[in-house]
Amino acid sequence: MSGTLDQGLWPWIALICFGFLPSEIWRFLGLFLARGLDERSPWLAWVRAVATALLAGVVGKLLLAPNGALAGLPLWGRLGPLAFGMIVYFAARRSVIAAVLAGEAAIIAAGYWAG
Amino acid sequence: MSEIIPDETSPNEASPNKAWGAAARRRWFFEAARQACAGPMPIVAVSLISVGGLARDAGFSIEIAVASTLLIWAGPAQVLFFGAVAAKTAWPVIALSISLSSVRFVPMVVSILPMIRTSRTRLPVLILAAHCVAVTVWAEGMRRLPGVPKEGRMAFFFGFSATCLAGTSLATAAGYALIGQLPGPLAAALLFMTPIYFVATLTRGARQWIDKLALVFGLALAPLTQMYAPAGFDLLALGLIGGTGAWLCARRLEARGRAA
């Protein structure tokens, strides 16, 4: 595979046509739909809620149907560190960095424990 | 409880009509860069280290790995792209699955652009701004932009985005060079960066009922849509159902609050 991919323009064409453009069309659509929308439009509250729910869904999917190294952990090993990170988040008076550090420490511990 | 109201009355700005020179914009650009360096940029950079390794596994050069960060600028889509190429998936299937994974950019671009543009913003600038929108920039932008005066927001947005893009590009290159040297638990820790960071930062940014409900509904619906929605469309269904549900519930709560 690498023999053909390393040559010439093909990797660039592949990246642009099958990676960049299929993703970028949605940003263009968003740009088009945002035309004339006021910052205080009531529609934006709904749009923001959809975006927030989608992002939370991405997170849920990453933990429930994980890829790569995360898939090597049992479900408790993925959800437990998330819960622990959020407990520390509130205990540390809403600190995102504290949540990330605590969650990371917990998942590394879970990895060694389960592995 | 005081809400930050996203308009010209923010405390940072005494006189909104004072000339907004290049110096003020530059100040907001670097202020944003500083804020990005203090947390969000290192986190998004670390979470994309693994993309470099995936690119190398798929047989691409380091230039393509870094270009994927600058052009696609969406972790899940990049993971999909290189993973699918490595698995020798058909190109149209790769394009379709990437497209489905990036639908989330529509509501993100629609909700952030009205906050940063002014009536004089030109189209090329808007196109570049839309390109910079990704989950980190969006989530942090929604939280931080209301505290920035309207005239400084575009500069702030680009300062923040450019810092995140630069740091993440370096991390992608580092991941390309390092791949295969991480033990399993550390590799899992890199992948876990995204979930813990987004749950924490979305919680931090959720000031109103609608934001909190959307966050909870989104997380709670994930196992359901994964089981019952057609493959590839589960996130779209989740966003629409969860977001609309949160919007309706928040309206009822507000109405009850007014009646009481």
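Modeller: A term before we start: two residues are in contact if their C-beta atoms, placed from the backbone, lie within 7 Å. With that in hand, take chain B of this predicted model. Among its contacts between residues at least 6 apart in sequence, 77% join residues at least 24 apart.

Biologist: What is the matching share in chain A?

Modeller: For chain A, 31% of the contacts between residues at least 6 apart in sequence join residues at least 24 apart.

Biologist: What makes up chain A in terms of helices and strands?

Modeller: The count is 5 helices and 0 strands. Reading from the N terminus, the elements go α-α-α-α-α.

Biologist: Why is chain A called more spread out than a compact globule?

Modeller: Set the value against the rule. For 115 residues the globule rule gives 13 Å, and the radius of gyration of chain A is 20 Å, which is well over that, so the description fits. Its C-alpha atoms fill a box of roughly 55 × 45 × 20 Å along the principal axes. As for burial, a residue has to have 20 or more other C-beta atoms within 10 Å of its own, and 43% of the residues of chain A count as buried.

Biologist: And chain B, how do you know whether its radius of gyration agrees or disagrees with that of a compact globule?

Modeller: By the same sort of test. A compact globule with 260 residues would have a radius of gyration near 18 Å; chain B comes out at 20 Å, so the two agree. The box for the C-alpha atoms of chain B is roughly 55 × 45 × 35 Å, and buried residues make up 51% of the chain. In its elements, chain B has 13 helices and 0 strands.

Biologist: How many residues does each chain bring to the contact between chain A and chain B?

Modeller: Chain A gives 69 residues and chain B gives 81. On the side of chain A, at least two residues each come from α1 (2–5), α2 (10–34), α3 (42–64), α4 (75–91) and α5 (96–114). The largest share, 21 residues, belongs to α3(A).

Biologist: What is the make-up of that side of chain A by class?

Modeller: The side of chain A that touches chain B has 46 nonpolar, 14 polar and 9 charged residues.

Biologist: What makes α7 of chain B count as largely enclosed?

Modeller: The cut-off again: a residue is buried if 20 or more other C-beta atoms lie within 10 Å of its own. In α7(B), 10 of the 12 residues are buried, so the rest of the structure largely encloses the helix. Among these buried residues are Phe105(B), Pro107(B), Met108(B) and Ile116(B). Their cover includes α2 and α3 of chain A, along with α8 (123–132), α9 (135–144) and α10 (153–178) of chain B.

Biologist: How do you know whether the length of α13(B) agrees with what its residue count predicts?

Modeller: At 1.5 Å a residue, the 26 residues of α13(B), 234–259, should span 38 Å; the end C-alpha atoms are 37 Å apart, so the length agrees. The buried residues of α13(B) include Leu235(B), Leu238(B), Gly242(B) and Trp247(B). What covers them includes α3 of chain A and α12 (209–228) of chain B.

Biologist: Which domains is chain B divided into?

Modeller: Domain 1 is 22–205 and domain 2 is 208–260. Their C-alpha centres lie 25 Å apart. Each of these domains of chain B gives 7 residues to the contact between them. On the domain 1 side, α6 (91–101) and α11 (184–205) each supply at least two residues, and α11(B) has the largest share with 3 residues. By class, that side has 3 nonpolar, 3 polar and 1 charged residues.

Biologist: What confidence does the predictor give the complex?

Modeller: The complex gets an ipTM of 0.84 and a pTM of 0.82. Chain B has an average pLDDT of 87, and 91% of its residues score at least 70.

Biologist: Where in chain B is the pLDDT below 50?

Modeller: Over residues 1–17. Beyond near neighbours in sequence, that stretch of chain B has 18 contacts in the model.

Note on methods:
Residues numbered from 1 in each chain as written. Chains lettered and ligands numbered in written order. Predicted model: local features only at pLDDT ≥ 70, side-chain atom pairs only at ≥ 80, totals over all residues. Helix = DSSP H or I, 4+ residues; strand = E, 2+ residues; numbered from the N terminus. Nonpolar A, V, L, I, M, F, W, Y, C, P; charged D, E, K, R; others polar. pLDDT = per-residue confidence, 0-100. Domains from an automatic or database assignment. Rg over C-alpha atoms; globule rule 2.2 N^0.38 Å. Expected span 1.5 Å × (residues − 1).
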